[in-house]
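Let's take a friendly walk through a protein chain together. Have a look at the sequence and the 3D view, and then read on.

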Amino acid sequence: MNSFQEFESSSNKDNTSINPITNIGGNSSNLTTSMTIASASSSSSTTTTSTSPPSTPSRYENQKRRDWNTFGQYLRNHRPPLSLSRCSGAHVLEFLRYLDQFGKTKVHTQLCPFFGHPNPPAPCPCPLRQAWGSLDALIGRLRAAFEENGGKPEANPFGARAVRLYLREVRDSQAKARGISYEKKKRKRPPQPQPPPPALPPSNATS
């Protein structure tokens, strides 16, 4: 893929061909009647052969498409402009740091009295950043979109080792700064049913 492509759906074109009608020795009323009958017949066949409407894209697919277009716009606005084929993991990191200016997650610095406090009691001047969970999900969508649009898995910049290390660093630093844990909770296994106790042998009745 030599350049980023916009994947906006194209408008449907009307493929209906209009055959020229040659009126040889016919009057206008007969022509009007024949056109009306032809139109009704065409409408009837269209109704009969109509197919079910296409399925609506899922919320995930819509978000993936928006993310892909946003990254493409970032590449076009890059100085100098970048093509997708020349994009590397380093450029993906630049993109993630660029997104921090639009973040809404308060990340406390080590000098902040609320560092490590999950519920700070007062506001502070610490910067807003993109949350680790948002960045992690974003990279997952872009990684899938890259391959869906013709990119080779081995050349996927969103799966680069530098990107994985960066996400891990963001996760660990935000966990400390915000006093929360991103560790996945282990799912508790449902308790296994206890086997029934063995049946006791019948006791011999004594007279």
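Threonine 105 is buried in this predicted model, because its relative accessible area is 15% and buried means under 20%. You can find threonine 105 in strand β1, which covers residues 105-106. What does threonine 105 touch, if we leave out residues up to four places away in sequence? The answer is Pro127, Leu128, Arg129, Ala131 and Arg178. One of these partners shows nicely how a chain folds back on itself: threonine 105 and arginine 129 are 24 residues apart in sequence, yet their C-alpha atoms are 5.1 Å apart in space.

Now move along to glutamine 130. This residue sits in the loop between β2 (128-129) and α4 (132-148). Is glutamine 130 buried or exposed? Glutamine 130 counts as buried, because its relative accessibility is 18% and the cut-off for buried is under 20%. The side chain of glutamine 130 reaches the backbone oxygen of leucine 99 at 2.9 Å. Leaving out residues up to four places away in sequence, glutamine 130 touches Leu99, Asp100, Phe102, Gly103, Leu135 and Gln174.

Here are the two residues side by side:

| Residue | Place | Relative accessible area |
|---|---|---|
| Threonine 105 | strand β1 (residues 105-106) | 15% |
| Glutamine 130 | loop between β2 (128-129) and α4 (132-148) | 18% |

Next comes the largest pocket. Its volume is about 300 Å³. How many residues line the largest pocket? There are 17, and those nearest its centre are Val107, His108, Arg129, Ser173 and Gln174. Two of these names should sound familiar: Arg129 is a contact of threonine 105, and Gln174 is a contact of glutamine 130. Helix α5 (residues 161-178) gives the largest share of the lining, with seven residues. By kind, the lining divides into seven nonpolar, six polar and four charged residues.

Finally, step back and take in the whole chain. Its secondary structure comes to five helices and two strands, and from the N terminus on the elements run α-α-α-β-β-α-α. Of the 207 residues in the chain, 26% are buried, and threonine 105 is one of the buried residues. Among contacts between residues at least 6 apart in sequence, 65% join residues at least 24 apart. The chain exposes about 16200 Å², and carbon and sulfur atoms supply 53% of that area.

Conventions
Residues numbered from 1 in each chain as written. Predicted model: local features only at pLDDT ≥ 70, side-chain atom pairs only at ≥ 80, totals over all residues. Heavy atoms only, no water. Helix = DSSP H or I, 4+ residues; strand = E, 2+ residues; numbered from the N terminus. Buried < 20%, exposed > 50% of the residue type's maximum accessible area, 1.4 Å probe, protein only. Polar contact = N/O pair within 3.5 Å; in protein donor to acceptor, adjacent residues only side chain to side chain. Contact = heavy atoms within 4.5 Å. 1 Å grid on protein atoms, 1.4 Å probe; cavity = no way out; pocket = protein on both sides within 12 Å on 5 of 7 lines; lining within 4 Å. Points joined across faces, edges and corners; volume = space filled by probe spheres on them. Nonpolar A, V, L, I, M, F, W, Y, C, P; charged D, E, K, R; others polar. Areas by Shrake-Rupley, 256 points an atom, 1.4 Å probe, with all protein chains shown as cover.
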